[in-house]
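Trainee: Before I use the terms in this description, I should like to see each one justified. May we go through them together?

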Amino acid sequence: MSNTLGRTLVALLVLGMAWSAGQAQPAGQAHTDWTGYYALANNRDLAGTGFHQDAPGERLNDLIVAHLQPWAKARMEATDGVADDTGQVCLPDGIFRYPSMAGRFLWLEERGRIVMVFDNVNTAGVRRIFLDRPHPKNPIPSWNGDSVGRWEGDTLLVDTIGFNDKSWLFGGMEPHTEEAHLLERMRRVADGSLLEINITVEDREALTSAYTYNRYYKKQPDGVEMAEDVCNEDPETWKAYRDAALKKELDRARQVK
Amino acid sequence: MKALALSSILCVPLALAQPAHPDLQGVYQSISDRVTLSGGRENVGSPAAIQLLPEAAKQAKAVDLKKDPWKMCQPVGPFRMMAQEQTKIELVPVRAMIVMLFEDLSHGVFRTIYLKRGHPGKLEPTWLGDSVARWEGDTLVIDTVGFNDQTWLNDEGAQHSDALHLVERIRPVLAGAYLEYKVTAEDPKTLVKPYTYTRYYKKLDTEILDDVCQDEE
């Protein structure tokens, strides 16, 4: 058994045990279809529900930085907010970053999988959570990794590995490695009006320990549709950013030599 | 009488269990123009064969092909995208809509096709337009309007107007192993007459991967 697979299984087991020990999920409650359009909940959405966003907005950076290993912190401090920001050139932001900040997505349930389609599809992409298979033995590193999930009652436990190391953990340009491991526990709360995602990120190569936080997404009323959002609307601006990014990358490579 | 009543009880659930239309869920990939399927089915036509009105033809000639949306990692629009060889799509039918996801996200993006509403009275022009659909027997008929003027109709720089109207007809053939895809484009401001091409998409037992334009950089 590979280390990654072993850690995955242990983490899923721990998540499952934590759930059954600490949460008020009625026994035997079956999953109901969550298909719909969700948007990151704001203060008004959360008012009176008893739920709140952990480390909201840019404050998530502080939480992550407190868990970075020294090399990762040094790399973060050496980055450039434009040249190193993949989203600026309409490349993916990776799964760690975009949904936590301003996520809007369609949640689509189909046979054997759940598909999350983010509105800013060029940078956030499409995420598939497979319910009918385990991780491949050697997943090809990708921006959003390989996600598998299983239902425990009406809670979805999602395990994701197989990331590339091109994206950042959040907007402060906190790096991660291909060892990154994302664990999520998803459930509906507040009479089904909110989707709660409890997020745990591990990366033994970049983090001193795992960090955890919650995000809440408001289910939008029927009839509200997710609008088209194309990143690369203006190719001239895109080219200018891309050229600037490539030049800075080249300059840094020269300095290293 | 008892037999009839029993038959009714048994038949009602069976009738309800019958799908009202084909289940299109799956991953599909367009076949090569060189392939002929059983029954003589093959790709017919191409966006390159559209006939432009004189003014539109003049406009196309003046276009800088270096500014092709394809080269700029921009959406290219359904008419052009669906004609490409090897285009890989995933169809996700849920409730009142079918979502069409493209492996090549930058050029295809994704389309939301609504089954339970008509086009809104006032449409904000978009890259992919507004798509609504209905079933005609085993065929999904998609009607799309409301395009912006940023996409081209073909690789040769053919422009279209805001009057572009696409009608796509999708149905499973050969026992569901393939989808037949026919699209008709009409645009009275740029096209001499409506143009239709046909593509066949093979159903795959695979997953769609990340495919990011400019990723090699």
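Mentor: The discussion below sets values against the definitions behind the terms. This is a predicted model, in which local features need pLDDT of at least 70, side-chain atom pairs count only at pLDDT 80 or more, and totals for chains, interfaces and linings use all residues. Residues are numbered from 1 along each chain as its sequence is written, and chains are lettered from A and ligands numbered from 1 in the order in which they are written.

Trainee: Why is Pro56(A) called partly exposed?

Mentor: A residue is buried if 20 or more other C-beta atoms, placed from the backbone, lie within 10 Å of its own, exposed if 12 or fewer, and partly exposed in between. Pro56(A) has 15 other C-beta atoms within 10 Å, so the intermediate class applies. Its place is in the loop between helix H2 (43-46) and helix H3 (60-65) of chain A; helices (H or I, at least four residues) and strands (E, at least two) are DSSP runs, numbered from the N terminus.

Trainee: What makes strand S3 (residues 113-118) of chain A largely enclosed?

Mentor: In that strand 6 of the 6 residues are buried, so the rest of the structure largely encloses it. Arg113(A), Val115(A) and Val117(A) point one way, Ile114(A), Met116(A) and Phe118(A) the other way, and all are buried.

Trainee: How do you know that S3(A) pairs with strand S4 (residues 126-130) of chain A?

Mentor: Two strands pair if DSSP finds at least two bridges between them. S3(A) and S4(A) have 5 bridges, in the antiparallel sense, so the criterion is met. Val117(A) has Val126(A) as its bridge partner in S4(A). On S2(A) (residues 104-110), 6 bridges lead to S3(A), again antiparallel, and Trp107(A) stands opposite Met116(A).

Trainee: What makes a set of residues a nonpolar core, and which residues have the most contacts inside the largest one?

Mentor: The set must consist of buried Ala, Val, Leu, Ile, Met, Phe, Trp, Tyr and Cys residues joined through C-beta atoms within 7 Å. The largest has 63 residues, and Val117(A), Val121(A), Leu101(B), Phe110(B) and Ala185(B) have the most contacts inside it. Apart from it lies another core, of 19 residues, among them Leu68(A) and Phe163(A).

Trainee: How do you know that residues 1-17 of chain B call for caution?

Mentor: Their pLDDT, the predictor's confidence in each residue from 0 to 100, stays under 50. Where pLDDT is low, the predicted coordinates should not be read in detail. Chain B nevertheless averages a pLDDT of 90, and 89% of the residues score at least 70.

Terms used
Two residues are in contact if their C-beta atoms, placed from the backbone, lie within 7 Å.
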